[in-house]
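Please follow this walk through the model with the sequence and the coordinates open side by side. The text begins with record annotations and then turns to the cores, the surface and the charged residues.

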Amino acid sequence: LLYYSAFVPLDIPNKKNSTEWEKVKLLFEEFGSSHGLTALSFSISSLTVIGMLAAITYTAYGMSALPLNLIKGTTSASYERLENTEDIEEVEQHLLRIKSKCRDGRPLSSRDRRTLQQLEERLRTLRRRERHLESIEKSWWTKACEAIRPLKVVWGVFFIIVALLFTVSLFLSNLDKALHSAGFDSGFIILGTNLTNPLNMLLPVLQRVFPLDYILITTIVMYFIFTSMAGIRNMGIWFFWTRLYKIRRGKTRPQALLFLCMILLLIVLHTSYMIYSLAPQYVMYGSQKYLVQVRCIFCFNSI
């Protein structure tokens, strides 16, 4: 990105007797000029666009998946253990039916032997899962999660309200840009606020007390990070219509973790632009105001 946005459009003189140091020095001089600023702006903008696509894919899905999962909850370990016990009984009955065929001394067919091996392997897997579920059921973490189940429902409802607040704020801000901005050439800059949204009204008020606005901005960024992680965990990492990796507890591949960190970094980069859309008045001016200087004609006449 830096190369094609900074160095390619330049008309660098090609001197046959110039040394390699002079060529490198010329590149640094050109990069230090306005071309370097253009290159950095183009690179950051390109990465922000990629982060916007990741936010549309994962953050938007996580904003609905995270609260719904908190409200709906997960299947309890006791219920999973009951289902696993039923599967074990079913597999054992199937094994008994196959073994009953060779009670009179007749050998089993090759198909029955393959089925018998598959069922025995599945039975071992189900018994290992039963021991695992039994340890989970007796763990203190499971008991603590069951105790705070009402609190999860409250948090789920709260996250739904926050998601609706962000949706309304973004809609009002973008509608204000579409109706009252200076146009495409200026980047849809707004000369004054015409349609105020809740966050744009709240942040300048909180700025008057020093740490409150920073606390709210940090909370907003962390909310986008948590919702993005929830979306990536539920959806997995996709490349168009192909799923590359799944995000699972204790079973995530290292490559998937690298992709996860990269996607989160791009989403955080896009969040800086999203905050400008959420609260343009706070980002541009904060709670500061400027005074319009008006000539006092009466004062001049008096003098």
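Residues 153-172 are 100% helix and 0% strand, with 29 Å between the C-alpha atoms at the two ends. Helices here are DSSP runs of H or I with at least four residues, strands are runs of E with at least two, and both are numbered from the N terminus. The stretch is one of those that UniProt, in an unreviewed entry, lists as "transmembrane region"; the annotation covers residues 37-61, 153-172, 214-235 and 256-276. UniProt positions follow the numbering used here, feature names are shortened, and annotations may be inferred rather than shown by experiment. Residues 256-276 are likewise 100% helix and 0% strand, and their end C-alpha atoms lie 31 Å apart.

The model is predicted: local features need pLDDT of at least 70 and side-chain atom pairs count only at pLDDT 80 or more, while totals for chains, interfaces and linings use all residues. Residues are numbered from 1 along each chain as its sequence is written, and side-chain values use heavy atoms, with hydrogens and water left out.

The protein chain contains 12 helices and two strands. Read from the N terminus, the order of elements is α-α-α-α-α-α-α-α-α-β-β-α-α-α. Of the 303 residues in the chain, 28% are buried, where buried means under 20% relative accessible area, exposed means over 50%, and partly exposed lies in between (1.4 Å probe, protein chains only). Contacts (heavy atoms within 4.5 Å) are largely long-range in sequence: among those between residues at least 6 apart, 71% join residues at least 24 apart.

Where is the buried nonpolar material? A nonpolar core is a set of buried Ala, Val, Leu, Ile, Met, Phe, Trp, Tyr and Cys residues joined through side-chain atoms within 4.5 Å. The largest such core has 24 residues, and Phe166, Ile220, Tyr223 and Phe224 have the most contacts inside it. At least two residues each come from helix H3 (34-72), helix H7 (149-180), helix H8 (198-206), helix H9 (210-235) and helix H10 (254-278). H9 gives the largest share, eight residues. Apart from residues up to four places away in sequence, isoleucine 220 touches Phe166, Leu199 and Leu278. A second core, separate from the first, has 11 residues, among them Ala54, Ile232, Leu260 and Leu264.

Two residues can be used to inspect the helices further. Methionine 274 is in helix H10 and counts as buried because its relative accessibility is 12%. Beyond its neighbours within four places in sequence, methionine 274 is in contact with Ala55, Leu170 and Phe224. Its C-alpha atom is separated by 9.9 Å from that of valine 221, 53 residues apart along the chain. Valine 157, in helix H7, is partly exposed, since its relative accessibility is 42%. The C-alpha atoms of valine 157 and leucine 70 are 8.6 Å apart, with the two positions 87 residues apart in sequence numbering.

The surface comes next. The chain exposes about 22000 Å², 64% of it from carbon and sulfur atoms; accessible areas come from the Shrake-Rupley method with a 1.4 Å probe, and for residues only the protein chains shown count as cover. A nonpolar surface patch is formed by Phe239, Phe240, Trp241, Leu244, Phe259 and Met262, with about 740 Å² of accessible area together. Patches are made of residues with over 30% relative accessible area and no salt bridge, like charges being joined within 9 Å and nonpolar side chains (Val, Leu, Ile, Met, Phe, Trp, Tyr) within 5 Å. Phenylalanine 240 sits in the loop between strand E1 (237-239) and strand E2 (242-245), and it counts as exposed because its relative accessibility is 65%.

The last region is listed by UniProt, in an unreviewed entry, as "coiled-coil region", residues 109-136. This stretch is 96% helix and 0% strand, with its end C-alpha atoms 41 Å apart. How many salt bridges does a search of the whole structure find? The search finds one, a salt bridge being a side-chain nitrogen of Lys or Arg within 4 Å of a carboxyl oxygen of Asp or Glu. The side chains of glutamate 121 and arginine 124 form it, at 2.6 Å from N to O. Both residues lie in helix H5 (residues 110-138), three residues apart, about one turn of the helix. Glutamate 121 is partly exposed at 39% relative accessibility, and arginine 124 is partly exposed at 43%.
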